[in-house]
Amino acid sequence: LSILRVLIVAFAVIINSSRSSWISVAAGIVFFTLVLSFLRPHKVGMALFLLPLILGFGFLGWNLLPEPVQSAISLRASTFQNLEQDKSYVFRQLMVQKGLKLFEESPIIGVGASRFRKESVVLELSGVFKLYEQSSFDRKSAHNSYVGFLAESGLIGSLPLLVLILMLAFQGLKAAVGSVRREDLWALSVMASFVGMSIHMWTISALAGTVTWFAYGLVAALIILENHFQETTQGQK
């Protein structure tokens, strides 16, 4: 059942055809595997033992997909070889450029909440967008949670967010390590999702979304639970 659930999620991610989600999920898996390999090597050995079975089911599932779906996924994957000609990739670079220019205009307080789409700057257009009008990009989303927030809130808003993320990252990892040593692997799953989401947010605007803060809340809950466990253990001693 666990293998089946993994395969279902894997196919959902693949069919979604979001390259950034592919990278984010892969990063979360690598993070999970590396931490687990240091703390519980025997768990990794069991996973490697099951890997051929998972790959076999994955290959079977791929062959069962309709030809149009296979072609669309293969075409999407091939774009990694020539990102400079991919409009989605170049567009996101332009939005990062716009965000940084807006930040330079008002580095302390930013241009204001929700004003990324309302502000206009002169962009250095090139490649697939070199013949486009500047106005074509004025009403577009930042497609980058961090740069968009930096442009809108400046240092006065971005520094507290940075502190929050770093606290969740370091304290969450410490709490997850403690939990894994007690065989509570769910904690490491929480941190893996936090890592993957944090990477994915470089290509989407999601700081105002419920899912983002739910993930942050899970990490915060993990930290509180681990601190409570440590305090209880010390009290019993």
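**Exercise 1.** In this predicted model, glutamate 226 and arginine 182 are joined by a salt bridge, with their closest N and O atoms 2.9 Å apart. Work out which parts of the chain this pair links and how far apart they are in the sequence.

*Solution.*
- Start with the term: a salt bridge is a side-chain nitrogen of Lys or Arg within 4 Å of a carboxyl oxygen of Asp or Glu.
- Now place the partners. Glutamate 226 sits in helix H8 (residues 210-236), while arginine 182 belongs to the loop between H6 and H7. Helices (H or I, at least four residues) and strands (E, at least two) are DSSP runs, numbered from the N terminus.
- The two residues are 44 apart, and the pair links distant parts of the chain.
- Finally, look at burial. Glutamate 226 has a relative accessible area of 6% and is therefore buried, whereas arginine 182, at 29%, is partly exposed. The cut-offs are under 20% relative accessible area for buried, over 50% for exposed and partly exposed in between (1.4 Å probe, protein chains only).

Before you go on, note that residues are numbered from 1 along each chain as its sequence is written, and that side-chain values use heavy atoms, leaving out hydrogens and water. Because the model is predicted, local features need pLDDT of at least 70 and side-chain atom pairs count only at pLDDT 80 or more, while totals for chains, interfaces and linings use all residues.

**Exercise 2.** Find out how many salt bridges the whole structure has, then decide whether arginine 19 and aspartate 86 are buried or exposed.

*Solution.*
- A search of the whole structure gives four salt bridges.
- One of them joins arginine 19 to aspartate 86, whose closest N and O atoms lie 2.7 Å apart.
- Arginine 19 is in helix H2 and aspartate 86 in the loop between H4 and H5, so this pair ties together parts 67 residues apart in sequence.
- Both arginine 19 and aspartate 86 are buried.
- Another salt bridge is formed by the side chains of arginine 115 and glutamate 119, at 2.9 Å from N to O. Arginine 115 is partly exposed, because its relative accessibility is 31%.

**Exercise 3.** Describe the chain as a whole: how many helices and strands does it have?

*Solution.*
- Count the elements: there are eight helices and zero strands.
- Read from the N terminus, the order is α-α-α-α-α-α-α-α.
- The C-alpha trace spans about 65 × 55 × 25 Å along its principal axes.
- Of the 237 residues in the chain, 38% are buried.

**Exercise 4.** Look at histidine 143 and glutamate 183, and say where each one lies.

*Solution.*
- Histidine 143 is in the loop between H5 and H6. Its phi is near 55°, a positive value in a residue other than glycine.
- With a relative accessibility of 25%, histidine 143 counts as partly exposed.
- Glutamate 183 lies in the loop between H6 and H7. Its phi is also positive, about 75°, although glutamate 183 is not a glycine.
- Glutamate 183 is partly exposed too, because its relative accessibility is 38%.

**Exercise 5.** Take glutamine 70 and isoleucine 15, and give their separation in sequence and in space.

*Solution.*
- Glutamine 70 belongs to helix H4 (residues 67-78).
- A relative accessible area of 14% makes glutamine 70 buried.
- In sequence, glutamine 70 and isoleucine 15 are 55 residues apart; in space they are 8.8 Å apart, C-alpha to C-alpha.
- For contrast, try leucine 155 in helix H6 (residues 145-181). Leucine 155 is partly exposed, at a relative accessible area of 34%.
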